[in-house]
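Student: I should like to learn how to read sheets and a nonpolar core from coordinates. May we work through a case together?

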Amino acid sequence: MLKENAPILHLRLGSKLRHSHIQEGNDVYLECSVRANPRATEVGWRFEGRELHTNTSAGVIVSNQSLVLQRVRRHARGRYTCTAANSEGRGESEPLYLRVQYAPICKSDQKSLYGVARHEPVQVSCEVESDPVEVDFQWRFNNSAESLDTVIFNSRLNRSVATYIPRNEYDYGSLLCWGRNSVGLQKEPCVFAVIPAGAPDPVSNCSVTNITEESFVVRCAEGYDGGLGQNFLLELMPLGGPPAGLNVSAAELPHFICRGLSPGIAYRIRVFAVNAKGRSRPAVMRAATLASPESLTQRDLRIHNFTLKAFRPKDIER
């Protein structure tokens, strides 16, 4: 007679399925075997620790000791378990990792805009997600029918880097990249714009705030970067002073905190955007630090001396 205990469970794929052959669009069956005494009265399913319930619109069908995933998608990859309970307690199976193979798709958050001058080589990186990760790549220009012979590219697993050199104005446009693995060809290409590069546009909408006796803050809105990465430079020069300026640079944003300044001094401010092709025109403005407050003693003494001078008796007699 079976000893009374909490349920013991074992999870497996349907008898005709193998992990190495499950691809997007296939139907997947999971089966849970339960050994329990007393008999289990409740069987459930979990995916990545979350309970699963029947959802026919999503293709999920829970039927006691069976789980059906219809036309499975790559988002269904992960760990599945089945659970059961009786009067002795609750049991859970060891997790089964479901692998779903799929054709390549573009990896998100890739650099998609490349600025380059004529006759200058640019390396465009195309990265995809796929299972299996071994991918063959092809490149095209402006969605032309044939592969672009002038592109030299090197590929490794799920990443390809193309070296491209625009020779004239017609060589600017879009480079398109497709991947193919053992599941199939990528449906939508990864698109990368190759544009003429130049110096960045000037910053705009500059303002000076948080003014104190020895500091202020300068903030501007950045303009078009010229097709290349840009940073920003601030040039600060006291008006009427020696021709020596204080340069402050920021790596990413045109926001500057100018410290260590002299009280009550007016400054000329120039802000530039800078990239590998040069500087923008400057945004020019003026600002002045606050004057130092006088001490009460000095102020009172000045008022007292003025009062005595204004009301000398001999002046009254006259």
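The dialogue below takes up two sheets and then a core.

Student: What kind of model is this, and how are its residues numbered?

Tutor: This is a predicted model, in which local features need pLDDT of at least 70 and side-chain atom pairs count only at pLDDT 80 or more, while totals for chains, interfaces and linings use all residues. Residues are numbered from 1 along each chain as its sequence is written, and side-chain values use heavy atoms, with hydrogens and water left out.

Student: In what order do the strands of the sheet with mixed pairing stand?

Tutor: Strands are DSSP runs of E with at least two residues, numbered from the N terminus. Two strands pair if DSSP finds at least two bridges between them. Here four strands form an open sheet with mixed pairing, in the order 11-17-16-13. Strand 11 (113-116) and strand 13 (136-141) are at the edges with a single partner strand each, so one side of each has no neighbour in the sheet. The twist from one strand to the next averages 25 degrees, where axes are lines fitted to C-alpha atoms and angles run from 0 to 180 degrees between N-to-C directions.

Student: Which pairs of strands run parallel, and which antiparallel?

Tutor: Strand 11 and strand 17 (residues 190-196) run parallel and are joined by four bridges; Gly-115 stands opposite Ile-195 in strand 17. Strand 16 is antiparallel to strand 17 over five bridges, and Gly-173 has Val-194 as its bridge partner in strand 17. Strand 13 and strand 16 are antiparallel too, with six bridges.

Student: Is strand 16 mostly covered or exposed?

Tutor: Buried means under 20% relative accessible area, exposed over 50%, and partly exposed in between (1.4 Å probe, protein chains only). Strand 16 (residues 173-180) is mostly covered, with six of its eight residues buried.

Student: How is the antiparallel sheet ordered?

Tutor: Its four strands form an open sheet in the order 1-2-6-5. Strand 1 and strand 5 (60-63) are the edge strands, each pairing on one side only.

Student: Which residues have the most contacts inside the largest nonpolar core?

Tutor: A nonpolar core is a set of buried Ala, Val, Leu, Ile, Met, Phe, Trp, Tyr and Cys residues joined through side-chain atoms within 4.5 Å. The largest has 23 residues, and Leu-30 and Tyr-80 have the most contacts inside it. Strand 2 gives the most to this core, namely four residues. Leaving aside residues up to four places away in sequence, Tyr-80 touches several residues, including Leu-11, Leu-30, Arg-46 and Glu-94; contact means heavy atoms within 4.5 Å.
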